[in-house]
Amino acid sequence: MKILNCLLLCMAVFFSACAQKKENNLPPTATTKKNAMEWNKLTPEEERVIVNKGTEYPGTGTLLNNKESGTYICKRCNTPLYKSDSKFDSHCGWPSFDDEIKGAVKRIPDPDGSRTEIVCANCDAHLGHVFLGEEFTRKNTRHCVNSISMLFVPDKKP
Ligand SMILES: [Zn+2]
């Protein structure tokens with residue numbers, strides 16, 4: 001019986017090691033979507049933007065000029081939102097993307113119809129607004145996103 005227990009334990013360790021190895025590209029905190037009980041704790045400034053739908057001051061975001069390749073994930077629930085290859089320079093003062101990771105971003109038209117808000121599809125964190133028809137890129141779409149609403153996870157260097 002003892003041997004069997006030991007064997008089971010060894011197998012469990014082995015399999016969890018495998019699972020970890022597979023997702024090594026991202027830090028452990030960034031691998032899974034988090035449910036409401038596990039959301040990341042926000043600073044008051046993060047809360048102002050993410051919860052109360054505020055806007056960070058243009059040109060000040062830490063991810064504005066980030067050109068590294070990687071994934072932009074939700075600051076609150078770690079859901080991957082944007083890939084770096086959809087990021088472009090719009091000179092609007094906020095990080096801009098012309099496409100989201102499929103299904104990761106929800107669009108909510110403002111009540112007065114003037115703009116369309118974008119939120120994390122998993123936790124409803126406020127990200128920014130989406131604008132169409134500006135012809136910045138071939139996709140003709142600009143997700144104007146607050147840096148503070150996201151975390152950047154660089155791709156693993158080969
Ligand atoms: Zn989220």
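This is a conversation between a student and a tutor about how the terms used for this predicted model follow from its values.

Student: How do you know which features of this model to trust, and how are residues counted?

Tutor: The model is predicted, so local features need pLDDT of at least 70 and side-chain atom pairs count only at pLDDT 80 or more, while totals for chains, interfaces and linings use all residues. Residues are numbered from 1 along each chain as its sequence is written.

Student: What makes a stretch a helix or a strand here, and how many of each are there?

Tutor: Both are DSSP runs numbered from the N terminus: helices are H or I over at least four residues, and strands are E over at least two. By that rule the protein has two helices and nine strands. From the N terminus on, the elements run α-α-β-β-β-β-β-β-β-β-β.

Student: Why are β7 and β8 called paired?

Tutor: Two strands pair if DSSP finds at least two bridges between them. Five bridges join β7 (residues 126–132) to β8 (residues 141–145), so the pair meets the rule of at least two. The two strands run antiparallel, and Leu-132 stands opposite Thr-141 in β8.

Student: What makes β3 and β5 edge strands?

Tutor: Each of them pairs on one side only. They belong to an open sheet of six strands in the order β3-β4-β8-β7-β6-β5, with antiparallel pairing. β3 covers 87–88 and β5 covers 105–109. On the β5 side, β5 and β6 pair in the antiparallel sense over five bridges, and the bridge partner of Ile-108 in β6 is Glu-117. The hairpin of β5 and β6 has six residues between the strands, and Gly-113 there takes a positive phi near 75 degrees.

Student: Which strands make up the open sheet of three?

Tutor: The order is β2-β1-β9, again with antiparallel pairing. β2 and β9 (150–154) are the edge strands, as each pairs on one side only. Neighbouring strands of this sheet are turned by 30 degrees against each other on average, direction ignored; the axes are lines fitted to C-alpha atoms, for helices over the stretch in contact, and angles run from 0 to 180 degrees between N-to-C directions.

Student: How do you know that β1 and β2 pair?

Tutor: Strand β1 (residues 70–74) and β2 share three bridges in the antiparallel sense, so the requirement of at least two is met. Tyr-72 stands opposite Tyr-82 in β2, and Thr-71 has Lys-83 as its bridge partner in β2. The two strands form a hairpin with five residues between them, where Asn-78 in the turn has a positive phi of about 70 degrees.

Student: Why is Asp-85 called exposed?

Tutor: The test counts other C-beta atoms within 10 Å, with C-beta atoms placed from the backbone: 20 or more is buried, 12 or fewer exposed, and in between partly exposed. Asp-85 has 11, so it is exposed. This residue lies in the loop between β2 (80–83) and β3.

Student: Why is Phe-131 only partly exposed?

Tutor: Phe-131, in strand β7, has 17 other C-beta atoms within 10 Å, so it falls in between the two cut-offs. Not counting residues up to four places away in sequence, Phe-131 touches Arg-142 and Cys-144, where contact means C-beta atoms, placed from the backbone, within 7 Å.

Student: What about Lys-53 and Asp-124?

Tutor: Lys-53 has 14 such neighbours and is therefore partly exposed; with 15, Asp-124 counts as partly exposed too. Lys-53 is in the loop between α2 and β1, with phi near 60 degrees, a positive value in a residue other than glycine. Asp-124 lies in the loop between β6 and β7, and its positive phi is about 65 degrees.

Student: What makes a set of residues a nonpolar core?

Tutor: The members are buried Ala, Val, Leu, Ile, Met, Phe, Trp, Tyr and Cys residues joined through C-beta atoms within 7 Å. The largest such core has 22 residues, and Ile-73, Cys-74, Leu-81, Cys-120 and Met-150 touch the most other members. α2 (44–50), β1, β2, β6 (116–120), β7, β8 and β9 each supply at least two residues. Leaving aside neighbours within four places in sequence, the contacts of Cys-120 include Cys-74, Leu-81 and Leu-127. Across the protein, buried residues make up 26% of the 158 residues.

Conventions
Two residues are in contact if their C-beta atoms, placed from the backbone, lie within 7 Å.
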